[in-house]
Amino acid sequence: MKRRIGTVLVAVVALVGCSDSGAGGNENSNAERVDFNAEGLPLVNDDVDVSLTFVSPKSSLAPDFDEMVIFERLEEETNVSINWNNIPGDGYVERRNLMLAGNDLPDAFYNAGLSDYDLVRYGRDGAIIPLEGLIEEHAPNLQRILEERPELLAVLTAPDGHIYSLPRVEEMGLVPFANFTAINQAWLDEVGLDHPDTLDELKEALIAFQAADVNGSGSPDEVLSLTPNDGFQGYFGDLFAAFGLPDNPNKFVVRDSEVIFTAVEDEYKEAIAYFHEWFAEGLIDAEAFTHDTGQFLAKGKQDPNPLGAFIFWEIESVVGQDRADDYALLGPLEGPNGHRMYGRSNHQEHHRSAFVITSANENPELTMRWVDQLYDPKLSAQINWGPIGDIYEEDENGMLVNVELPEGTTMGEFRERVAPMGPSVVLEEHFGTVVDMEPRAKQRLEDIETYYADYIWKENYPNVFMTEEELDRLNYIETDIMDLVNRNYARWLMNGGVEDEWDGYVDQLNEMGLDEVMEIRQGAYDRFHQQVSEAE
């Protein structure tokens, strides 16, 4: 029997009105206490009239949630009406924070998006309520998942022992691997070179592209391009891995359970010195640190095409469907010292803060029963990608399989129109049994297996939950540290100087408190794994 996640039932405070108006302009109000059914559907009987007020952001492409097929069907099944207050994404955070600060609260925030600091603070102050007792008593779908996935329980559990928010999980095995490297195979064929297997061979190919003027521009503008300011994709980290240590935007990797700050390691210095030579020779896009992701993506579609090679999530996004067949993926390249590895990002597939219940809610048990419906695997898939009839149909075994999209519509755009996202869990074992994985994801998994699987870095930094004190210290120290690191990173790659300035730079980081940052990060890492161990 796995450890139960709590036995404390939650007491709720008296009704607090929510005066913020929803999309339709009507004043919202919290539902009064009602009787509900402890098991099965509907959640309330036909003679019970209840409307819970939820606040949520939404995509500009999506309709108001009360018009979404998924929620219309859910209302029919549960007999619970949701009074949706949808706030456009760019204004949501400010409106949400005003509601919380002013105690002007809905029954729940859907797709809440609260930071760890806010979860702990508003939990401590009572604006949002602990959920562990409610989960155990009224959320059998989610309770079962947490018993099966102790690492998810560790993600949700705050340092004070409470759970203040519900998860969103999508275990596709893709998020840790944010970058692929692609090269223009058509140009390789034109200059008579084989597929590069090492960094030096990639450099040789870029030099050959420029010497032959393969794009016909009349200038040596065929380059390697990337977008390191994206924060997720288009980063140098996997090419740095060829020097023995992968890098990522937040500079934390884990080796043998030790948290390492890459930006003070010798491998990092060696990589910067090496790639500075590429910048100096005009082989890497000179705008890499000044263009944004949109400008980067536009370059692959312009004429003449400047992209001899690039680093990003997928080929089609960068160069479009018309040019995609000209490019081929490169596996991890061997570095000057014989290293070959593929880094792992610290982006996570287990997320907290998908749903919180406020202290104004007179029906927290009913609310938990409602949201637990979303943790049924088949409904989770529809919450995440879209409903039966739009995105899926059921095959003879009851599995959700993809249907053909409307002509001229991309999966990304259509998903925003029909899928609300939010609280849901789709586990690795649900793909191929409950839901069919979308074709793009299948192809990416195949590419990871074909090109990268043998070289993947084994560990990453998990989605740890820190204390207020730890977050305060990191906010005070780490912001300035990362500013110094990122400024020197770009400057050294573009202009050189890393060898001469390295010792002074490391000393400055230590004086700024890097040792304390690493102590906090390592402590949070160790605490997370201790929680996982105790929950197993």
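These are my notebook entries on salt bridges, aromatic rings, a pocket and two cavities in a predicted model.

**Entry 1: salt bridges**

I began by searching the whole structure for salt bridges, and the search came back with 26. I then picked a few to look at one by one.

My first pick was Asp197 with Arg340, where the closest N and O atoms are 3.1 Å apart. I looked up where the two partners sit: Asp197 is in the loop between α7 (185-191) and α8 (199-212), and Arg340 is in the loop between β10 (327-330) and β11 (350-357), so this salt bridge ties together parts that are 143 residues apart in sequence. I also checked how open Asp197 is, and found a relative accessible area of 39%, which makes Asp197 partly exposed.

Next I went to Arg521 and Glu478, whose side chains form a salt bridge at 2.8 Å, N to O. Here both partners are in helices: Arg521 belongs to α19 (residues 514-535) and Glu478 to α17 (residues 468-495), so the pair ties together parts 43 residues apart in sequence. Are these two buried or exposed? I found that Arg521 is buried and that Glu478 is buried too.

I stayed with helix α17 for one more pair. The side chains of Arg487 and Asp483 meet in a salt bridge at 3.0 Å, N to O. Both residues lie in α17, 4 residues apart, which is about one turn of the helix. I noted Arg487 as partly exposed at 49% relative accessibility, and Asp483 as partly exposed at 40%.

Which residues are linked in a network of salt bridges? I wrote down Arg149, Glu151, Glu171 and Glu429.

**Entry 2: a neighbour of Glu151**

Glu151 turned up again when I looked at Ser533. The C-alpha atoms of Ser533 and Glu151 are separated by 8.7 Å, although the two residues are 382 residues apart along the chain. I found Ser533 in helix α19, and its relative accessible area of 45% makes Ser533 partly exposed.

**Entry 3: aromatic rings**

I reminded myself how to describe what I was looking for: a pair of aromatic rings is described by the distance of the centres and the angle of the planes. My count of aromatic pairs came to 40. I chose Phe54 and Trp84 as my example: their ring centres are 5.5 Å apart and their planes are at 80 degrees, so I filed the pair as edge-to-face. This pair links distant parts of the chain, with Phe54 in strand β1 (residues 51-58) and Trp84 in strand β2 (residues 81-88), 30 residues apart. Phe54 is buried, and Trp84 is buried as well.

I also looked for charged side chains over rings. Lys251 lies over the face of Tyr489, at 4.2 Å from the ring centre. Arg444 lies over the face of Trp313, at 3.6 Å from the ring centre.

**Entry 4: the largest pocket**

Trp313 came back when I turned to the pockets. I noted that 40 residues line the largest pocket, and that Trp313, Glu314, Glu438, Arg440 and Ala441 lie nearest its centre. The largest pocket holds about 1300 Å³ of space.

Which element gives the largest share of this lining? The answer was α16, with 6 residues. I listed the elements that each supply at least two lining residues: β4 (166-170), α11 (293-299), α12 (315-324), α15 (411-418) and α16 (439-452). Sorted by class, the lining of the largest pocket has 18 nonpolar, 12 polar and 10 charged residues.

**Entry 5: cavities**

My last search was for cavities of 30 Å³ or more, and the structure holds 2. The largest cavity has about 110 Å³ of space. It is lined by 15 residues, and those closest to its centre are Ala178, Asn179, Asp238, Asp247 and Ser345. I sorted this lining into 7 nonpolar, 5 polar and 3 charged residues.

The second largest cavity has a volume of about 80 Å³. Its lining residues include Asn179, Asp238, Met341 and Tyr452. Two elements, β5 (180-184) and α9 (237-240), each supply at least two residues of this lining. By class, the lining of the second largest cavity divides into 8 nonpolar, 3 polar and 1 charged.

How values were computed:
Residues are numbered from 1 along each chain as its sequence is written. This is a predicted model: local features need pLDDT of at least 70, side-chain atom pairs count only at pLDDT 80 or more; totals for chains, interfaces and linings use all residues. Side-chain values use heavy atoms; hydrogens and water are left out. A salt bridge is a side-chain nitrogen of Lys or Arg within 4 Å of a carboxyl oxygen of Asp or Glu. Buried means under 20% relative accessible area, exposed over 50%, partly exposed in between (1.4 Å probe, protein chains only). On a 1 Å grid over the protein atoms alone, a cavity is a set of points where a 1.4 Å probe fits but cannot get out, and a pocket is an open set with protein on both sides within 12 Å along at least five of seven lines; lining residues have an atom within 4 Å of a point. Grid points are joined across faces, edges and corners, and a volume is the space filled by probe spheres set on the points. Ala, Val, Leu, Ile, Met, Phe, Trp, Tyr, Cys and Pro count as nonpolar, Asp, Glu, Lys and Arg as charged, and the others, Gly among them, as polar. Rings of Phe, Tyr and Trp (its six-membered ring) pair if their centres lie within 6.5 Å; planes under 30 degrees apart count as stacked, over 60 as edge-to-face and the rest as tilted. A charge sits over a ring if NZ of Lys or CZ of Arg is within 6 Å of the ring centre and within 35 degrees of the ring normal.
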